[in-house]
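I set out to record selected helices and loop residues of this structure. The entries follow the order in which I looked them up.

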Amino acid sequence: MKPVYIVDGARTPFLKSRNRPGPFSAADLATQAGRTLLVRQPFAPSELDEVILGCAAPSVDEVNIGRVAALRMGCGQKVPGWTVLRNCASGMQAIDSGINNILAGRSQLVLAGGVDALSRAPLLYADKMVLWFSDMAAGKTVGQRAALFARLPVPALLRPVIGIMKGLTDPMVGLLMGQTAENLAHRFGITRAQMDAFSVRSHHRVAKAQADGHLAPGGSEVEALYDANGKAFALDDGVRSDASVESLGKLRPFFDRKYGNVTAGNSSQITDGAAWLLLASEDALKQYGLQPLGRIVDSEWAGLDPAQMGLGPVHAATPILKRHGLGLNDLDYWEINEAFAAQVLGCLAAWKDDKYCREELGLDGALGELDENRLNVDGGAIALGHPVGASGTRIVLHLLKTLKRTGKQRGMATICIGGGLGGAMLVEAA
């Protein structure tokens with residue numbers, strides 16, 4: 001197979017939702033990160049063959065946001081821009097789509113990434129209220145409209161459907177994503193203390209990475225955002241350097257209030273953010289004199305029970321390991337997206353479980369125990385946040401940056417996907 005290289009990448013800071021629309025739309029986020037990345041390249045944006053953007057919650061006023069971002073970034077009218085959606089792995093799907101087009105010879109140079117502005121997820125009205133608005137619009141006289149006002153369904157007016165909650169509910173099994181995490185905690189006996197300890201570690205690792213400059217502007221991954229008034233947003237702002245098991249222990253379970261252990265503190269944060277990667281063929285490297293950051297060696301998509309969707313990384317990464325004759329600890333680093341602490345811990349438990357590996361993965365026995373010093377070494381989405389469309393791109397980008405920084409060679413980026421899917425990519429440093 002012809003090699004596909006990652007030349008460069010950049011992302012915005014991930015900005016935590018504050019129960020109100022954030023300062024940037026999804027297109028704003030994608031445009032600012034993309035411009036910053038493209039301006040440092042030795043080719044014009046118009047020389048890209050295509051722009052592919054993953055987005056799980058596109059706004060109705062940014063339809064085909066991939067094309068919107070491409071035009072706003074200055075790629076010109078002749079560069080195609082398009083949008084993909086695979087829930088939590090939309091950003092990883094964008095990379096995979098770019099890889100496939102390069103392998104097919106249709107493209108040589110692709111900008112692929114992901115974005116979401118989840119703070120701007122809409123409030124929706126149920127059918128009862130929508131029908132009232134429809135009748136009101138059809139009313140032709142003052143009397144007709146006055147009569148409709150007298151029948152205004154006030155409870156429906158005051159109880160809009162929260163769009164983000166609807167989007168995070170599986171339509172097949174009727175479970176919120178956090179409830180699927182509770183399923184994994186129950187299945188593998190994961191305790192509240194384990195979840196909270198994992199979450200504290202995530203916060204502390206991100207805080208250290210920021211202090212060391214790895215996740216700060218100038219560290220070659222995170223690029224500052226600027227709003228219309230010139231205010232700068234330089235860092236991922238959901239990080240709590242003072243997080244402790246004691247402070248997280250005070251939070252009440254959110255998804256199963258009576259018996260559960262999954263809380264807001266041991267779940268990923270709802271955030272806004274964008275991330276991009278620049279993909280190139282070998283011919284494009286030579287044509288533009290590009291120095292690759294690394295290459296994508298293999299990728300895999302897998303399906304599983306939607307009620308156990310958090311185990312998607314196990315089902316997607318394991319076939320890659322088998323194809324390449326690798327064990328869990330033959331890789332230098334792992335990035336497993338932290339949708340929930342219980343979900344990541346559930347993946348680690350599944351690989352250690354002889355029965356699960358035999359019955360669900362078709363292995364001869366347990367795959368083994370992943371050395372957690374190789375896992376999410378700079379923290380993850382529990383501290384950074386999970387702007388759903390962007391996270392798949394972020395973990396690939398950060399994995400490559402980590403390999404380069406540490407002089408290591410191979411790593412796996414993998415993510416669970418709402419709906420009962422998993423995605424994984426094996427990468428090598430250049």
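I count a residue as buried when its relative accessible area is under 20%, and as exposed when that area is over 50%. The model I am working from is predicted.

**Entry 1: helix α1.** I began with α1, which covers residues 26–39 and has 14 residues. From its first C-alpha to its last it reaches 20 Å, close to the 20 Å expected at 1.5 Å a residue. I listed its buried residues as A26, A27, L29, A30, T31, A33, G34, L37 and L38. I then looked up what these residues pack against: the strands β1 (4–11), β3 (50–55), β5 (109–117), β8 (225–226) and β10 (271–280), together with helix α2 (65–72).

**Entry 2: the loop before α1.** I noted N19 in the loop between β2 (15–16) and α1. N19 is not a glycine, yet its phi is positive, at about 65 degrees. Its relative accessibility is 79%, so I entered N19 as exposed.

**Entry 3: N87.** A positive phi also appears at N87, a residue other than glycine, with a value near 45 degrees. I placed N87 in the loop between β4 (81–84) and α3 (90–103). With 33% relative accessibility, N87 counts as partly exposed.

**Entry 4: helix α4.** Helix α4 (residues 127–138) has twelve residues and spans 16 Å between its first and last C-alpha, close to the 16 Å expected. Which residues of α4 are buried? I found M129, W132 and M136. Viewed down the axis of α4, these buried residues fall within an arc of 55 degrees, so they line one face of the helix. An α-helix has 3.6 residues a turn, so residues three or four places apart point the same way. Among the elements covering the buried residues of α4 are α5 (142–150) and α6 (154–158). On the face turned away from the buried side I recorded the exposed residues D127, L131, A137 and A138.

**Entry 5: S199.** I located S199 in helix α9 (residues 192–211). Is S199 buried or exposed? S199 is buried, with a relative accessible area of 0%. Leaving aside neighbours within four places in sequence, I found S199 in contact with L248, G265, N266, A341 and I382.

**Entry 6: α12 and α13.** Helices α12 (residues 312–323) and α13 (residues 341–352) pack at about 50 degrees, with their axes 8 Å apart. I therefore entered the pair as oblique to each other. The crossing of α12 past α13 is right-handed. The contact is made by P313, V314, A317 and T318 of α12 and by Q343, C347, A350 and W351 of α13.

Note on methods. Residues numbered from 1 in each chain as written. Predicted model: local features only at pLDDT ≥ 70, side-chain atom pairs only at ≥ 80, totals over all residues. Heavy atoms only, no water. Helix = DSSP H or I, 4+ residues; strand = E, 2+ residues; numbered from the N terminus. Expected span 1.5 Å × (residues − 1). Buried < 20%, exposed > 50% of the residue type's maximum accessible area, 1.4 Å probe, protein only. Arc of directions from axis to C-beta. Contact = heavy atoms within 4.5 Å. Axes fitted to C-alpha atoms, helices over the stretch in contact; angles between N-to-C directions. Parallel < 35°, antiparallel > 145°, perpendicular 65-115°, else oblique. Left-handed = near helix turned anticlockwise from the far one by under 90°.
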